[in-house]
Amino acid sequence: MSMAYGFSEYGGPETQQFFDVPVPSPGPGQLLVAVHAAGVNPADWKVRAGTRKDTVPVTLPAVLGREVAGVVADVGPRVTEFAVGDAVFGATATGFGGYTEYTLVNTAAAAHKPDAVSFADAATLPVAAGTAYDALTTLDLAPGSRLLVVGAGGGVGVAALQLAAARDVTVIGVASEGKREVVESLGATWVASGDGLAERVPGPVDAVFDLVGGAALAEAARVVTDPAAIISVGDPLAARDLGGSGVDRRRTSAVFAEVAALVADGTLDPRVAHRFPFAHAGDALATVESGHTSGKVVIEFG
C-alpha cells in the first residue's frame, strides 16, 4: 500500500485526511514513480472545494496534487524512454494524485530530471513554470515589448517574470505590497494590486498575462494595445470575452525538458519558498490556500 493525502468529500480543509491506497501498476506508456517531492498549487484546494468538478472529475476519496518528481520504480509495457532508477518529474496521470508515496505518470508528460535540478525544484515545473512557459510561447513577444503580469507574486507569476526577462521583455508585475520585494528582485516594475489598477500601470502594454481574473483582469484590459494579446489563467472565459484567450497547455516531455534546462542553466529559479514533510501535507496546502505566500510550496518525502 501507498500512504496518500487527499479528501473524502468536496468541501473545506476538514475533508482532508491521510489514507492508504494500493500501489498502482503502470499500464502501457506509464511510469510508477516513487515520489520524492510534490508541488502544491491553488488548483489543488480548488479541486477539493468542488469548483473544478466540470473539468477535473475525481473518484472519492481523491488524492490531491498534480505534479511530482521522483525515481522510476517500475515501467509499463512499451516504455523505452525511461528505465527503473531514472530520476524524473512530470504531471500525474488522470485519476492519480501527487501527495502520495507512489503514483503514475504518463511517459508523454514526463521528463528526465537534470542532475543540476533538485527534486523539490523539479516538482514545481509541470504546473506553475509550465503554465508560464506556455503562455509566453503563445504570446511570442519581441524583445523590448511590455508585458503586464497580473498576480505576479505567486508560483506562476514568479516564473513568468523570469522567463519574460530572459526574452528581453520589459515586465510590469501586479501584486500586493507584501510581494513587492520578490517582484522587484526579479527585475520587474511593481504595481500595487487593488482598485484603480489601470491608473497605476505606467503607460500602455503590449500584452497581459492574468493570473487573477475578475476586476483585475478587466482593469488590465484597459491598458493593453491589442486585446488579442490577453492571456488569462484566472478567468479564461472572461479573457475570451475581452478578445483574448486562456493558456494552451502543452504538458509534454519536450516542454518539460526545455523548462528544466532553463532551471539547470540558471535562467529560471522556481523560488521554492516553503518545504513541508509529507506528514504536514495539510499545512502545505493551507499555506497555498491562504493566498499570501510568494513562490512555490513543496511537499517532501523522506
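Contact here means heavy atoms within 4.5 Å, and that is the sense in which helices are said below to lie across strands or against one another. The structure described is a predicted model.

**The parallel sheet and the helices across it**

In this sense of contact, helix α3 lies across strands β8, β11 and β12, and it runs at about 160° to β11. Helix α4 likewise lies across three strands, namely β8, β9 (170–175) and β11, with a direction at about 170° to β8. The strands in question belong to an open sheet of 5 strands, arranged in the order β10-β9-β8-β11-β12 with parallel pairing. At its edges stand β10 (189–192) and β12 (230–232), each of which pairs on one side only. Averaged over the sheet and with direction ignored, neighbouring strands are turned by 20° against each other. One of the pairings is that of β11 (residues 207–210) with β12, which is parallel and extends over 3 bridges; within β12, I230 is the bridge partner of V208.

**Helix α3 and its helical neighbours**

How do α3 and α4 meet? The axes of α3 (residues 125–139) and α4 (residues 155–166) come within 8 Å and cross at roughly 45°, which means that α3 is oblique to α4. The crossing in which α3 passes α4 is right-handed. On the α3 side the contact is made by A128, A129, T131, A132, Y133 and L136, while α4 contributes G155, V156, A159, A160, L163 and A164. Sorted by class, this contact of α3 with α4 holds 10 nonpolar and 2 polar residues, and no charged ones.

Helix α3 also meets helix α9 (residues 253–264), with axes that come within 10 Å and cross at roughly 95°, so α3 is roughly perpendicular to α9. Here L125, P126, A129, Y133 and D134 of α3 make the contact with V255, F256, E258, V259, A260, L262 and V263 of α9. By class, the contact of α3 with α9 comprises 10 nonpolar residues, no polar residues and 2 charged residues.

In the loop between α3 and β8 (146–150) one finds D140, whose phi is near 50°, a positive value in a residue other than glycine.

**Helices α1 and α10**

A further helix pair is formed by α1 and α10 (residues 281–289), whose axes come within 8 Å and cross at roughly 100°; α1 is therefore roughly perpendicular to α10. The residues that make this contact are P42, D44, W45 and R48 of α1, together with L285, V288 and E289 of α10. The classes represented in the contact of α1 with α10 are 4 nonpolar and 3 charged residues, with no polar ones.

The three helix pairs are set out below.

| Helix pair | Axes come within | Crossing angle |
|---|---|---|
| α3 and α4 | 8 Å | roughly 45° |
| α3 and α9 | 10 Å | roughly 95° |
| α1 and α10 | 8 Å | roughly 100° |

**Antiparallel strands**

An open sheet of 3 strands follows the order β2-β1-β4, and its pairing is antiparallel. The edge strands of this sheet are β2 (16–21) and β4 (62–63), each pairing on one side only. Strand β1 (residues 2–7) pairs with β4 in the antiparallel sense over 2 bridges, and F7 has A62 of β4 as its bridge partner. Also to be noted is P61, which lies in the loop between α1 (42–49) and β4 and is joined to L60 by a cis peptide bond, with omega at about -5°.

Antiparallel pairing is found again between strand β3 (residues 30–40) and strand β5 (residues 67–75), where it extends over 7 bridges; V33 stands opposite V72 in β5. Strand β5 pairs in the antiparallel sense with β6 (residues 87–92) as well, over 5 bridges, and the bridge partner of V68 in β6 is G90.

**Division into domains**

Which stretches of the chain make up domain 1 and domain 2? Domain 1 takes in 2–126 + 251–300, whereas domain 2 covers 128–246. The C-alpha centres of domain 1 and domain 2 lie 26 Å apart, and 19 residues of domain 1 are in contact with 18 residues of domain 2.

Definitions and conventions: Residues numbered from 1 in each chain as written. Predicted model: local features only at pLDDT ≥ 70, side-chain atom pairs only at ≥ 80, totals over all residues. Heavy atoms only, no water. Axes fitted to C-alpha atoms, helices over the stretch in contact; angles between N-to-C directions. Helix = DSSP H or I, 4+ residues; strand = E, 2+ residues; numbered from the N terminus. Parallel < 35°, antiparallel > 145°, perpendicular 65-115°, else oblique. Left-handed = near helix turned anticlockwise from the far one by under 90°. Nonpolar A, V, L, I, M, F, W, Y, C, P; charged D, E, K, R; others polar. Pairing = 2+ DSSP bridges. Domains from an automatic or database assignment.
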